[in-house]
Amino acid sequence: MNPATRFALIYAAQFAAFGVMMPFLPPLLLARGLTPADLGTVLAAGSALKLLAGPMGGRVADWLGDPRLVLICCTGAAAVFAAGFGLVGGFWALLLVNLALSAALAPTTALADAMALRAAREPPGFDYGRARAAGSASYILAAVLAGALVGVLGAGSAAWLIAAMLGLGAAAAFLLPRAEGFGRGGASGFRAALALPWLRRLMLIAALMQGSHAAYYAFGSIHWQALGFSAGVIGLLWAWGVVEEVALFIWGRGLVERLGVRGMILLAAGAGLVRWPIMALSESLPPLIFAQALHALTFGAMHLAAIRLLQERVPASLGGTAQTLLGAAVGAMTTVLTLASGPGYAAL
């Protein structure tokens with residue numbers, strides 16, 4: 001099995017779990033006895049813990065020189081913790097389970113990215129975007145299939161689906177090639193990574209660009225529902241955005257080569273200046289379909305630009321640390337802007 005296929009499998013398993021978790025974990029927690037206020041507390045606590053656990057996982061991977069081992073352990077632990085949602089109820093038990101799951105999951109995608117970037121630039125090499133596209137496609141498929149299964153088996157079945165997908169992710173991590181060149185050699189530590197001026201700038205830009213999606217993630221469906229769109233149409237709008245993202249990941253390598261990192265970031269920012277006013281002002285479907293197609297640029301182009309810069313410049317000894325610090329910066333900004341979007345949506 002070639003390296004590209006191995007990384008496609010790990011991305012497919014990881015994002016299949018997210019495809020079940022993001023739509024169906026909140027209803028599961030409500031079914032397990034949480035109130036809506038409790039639900040917000042539990043989810044926010046998990047998000048906050050990820051901001052610390054992600055960089056710590058990346059630092060451990062670089063210190064050990066074995067991100068594959070950390071990825072296997074974290075994904076396997078996450079599968080066990082996810083099963084806890086199917087076994088316990090009540091605020092404190094569910095809070096502890098979610099904290100444990102959040103801590104275990106925090107570094108997994110970033111470590112897979114760091115390993116994929118390393119493998120992609122070594123002979124014979126492969127197109128990172130095409131391997132990563134398997135994750136986005138898997139997300140769509142898992143969300144659709146999970147919706148059908150949860151409709152038949154009930155909200156509790158989501159816990160076992162999430163655990164199963166993460167278990168497959170741990171198995172897929174065993175198939176990854178061993179990561180040579182990571183580890184203790186050269187500079188190491190958070191201070192060394194943050195001493196890189198280009199990484200600090202990238203963290204700020206990525207946080208602002210990806211954070212611009214916060215209100216959309218939190219209130220997009222609610223806004224469209226208020227406009228009178230059916231649940232089916234809303235689901236298709238979400239899926240359409242991810243389909244366009246998959247297309248960019250599959251065929252976007254030439255665009256990155258042509259525009260470079262700065263050009264891709266400017267393309268993403270320009271698309272955001274078009275997309276978000278359309279989302280705010282349009283009440284009919286055709287403009288919203290166009291705005292959702294721009295997800296390929298507002299999210300995907302920024303992601304590919306960040307990945308290219310990390311691939312070109314990050315020292316091997318800081319691969320996991322840099323990747324997880326970038327993820328923490330995006331997560332922190334998204335959390336802050338999500339909190340701000342609540343009062344903003346209520347007022348405006």
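**Surface patch, pocket and cavity**

Helix α2, spanning residues 36-64, supplies the largest share of the nonpolar patch, with three residues. The patch sits on the surface of what is a predicted model, and its members are Val60, Trp63, Leu64 and Leu69. Taken together, these four side chains come with about 360 Å² of accessible area. Trp63, for one, belongs to helix α2.

Moving on from the surface patch, there is the second largest pocket to look at, which has a volume of about 520 Å³. Its lining is made up of 17 residues, and the ones nearest the centre are Ala215, Tyr216, Trp276, Met279 and Ala280. Three helices give two or more residues each to this lining: α10 (214-226), α12 (253-281) and α15 (319-347). Of the contributors, α10 takes the largest share, putting in six residues. As for chemistry, 11 of the lining residues are nonpolar and six are polar, while charged residues are absent from the lining of this second largest pocket.

Helix α12 deserves another glance, since Gly272 is found in it. Gly272 has a relative accessible area of just 8%, and because the cut-off for buried is under 20%, this glycine counts as buried. Along the chain, Gly272 and Thr298 are 26 residues apart, yet their C-alpha atoms are separated by 5.5 Å.

Then there is the enclosed space. Rolling a probe the size of a water molecule over the atoms shows where empty space is left. For this model, a search of the whole structure turns up one cavity of 30 Å³ or more. The largest cavity holds about 100 Å³ of space. It is lined by 13 residues, with Ala114, Leu117, Arg121, Val314 and Gly319 closest to its centre. Helices α5 (108-120), α14 (295-313) and α15 each provide at least two residues of that lining. By class, the cavity lining splits into eight nonpolar, three polar and two charged residues.

Helix α15 thus turns up in both settings: it gives two or more residues to the lining of the second largest pocket, and it supplies at least two residues of the lining of the largest cavity. The two linings can also be set side by side by class. There are no charged residues around the second largest pocket, whereas the largest cavity has two of them in its lining.

Definitions and conventions
Residues numbered from 1 in each chain as written. Predicted model: local features only at pLDDT ≥ 70, side-chain atom pairs only at ≥ 80, totals over all residues. Heavy atoms only, no water. 1 Å grid on protein atoms, 1.4 Å probe; cavity = no way out; pocket = protein on both sides within 12 Å on 5 of 7 lines; lining within 4 Å. Points joined across faces, edges and corners; volume = space filled by probe spheres on them. Helix = DSSP H or I, 4+ residues; strand = E, 2+ residues; numbered from the N terminus. Nonpolar A, V, L, I, M, F, W, Y, C, P; charged D, E, K, R; others polar. Patch = residues over 30% accessible without salt bridge, like charges linked within 9 Å, V, L, I, M, F, W, Y side chains within 5 Å. Areas by Shrake-Rupley, 256 points an atom, 1.4 Å probe, with all protein chains shown as cover. Buried < 20%, exposed > 50% of the residue type's maximum accessible area, 1.4 Å probe, protein only.
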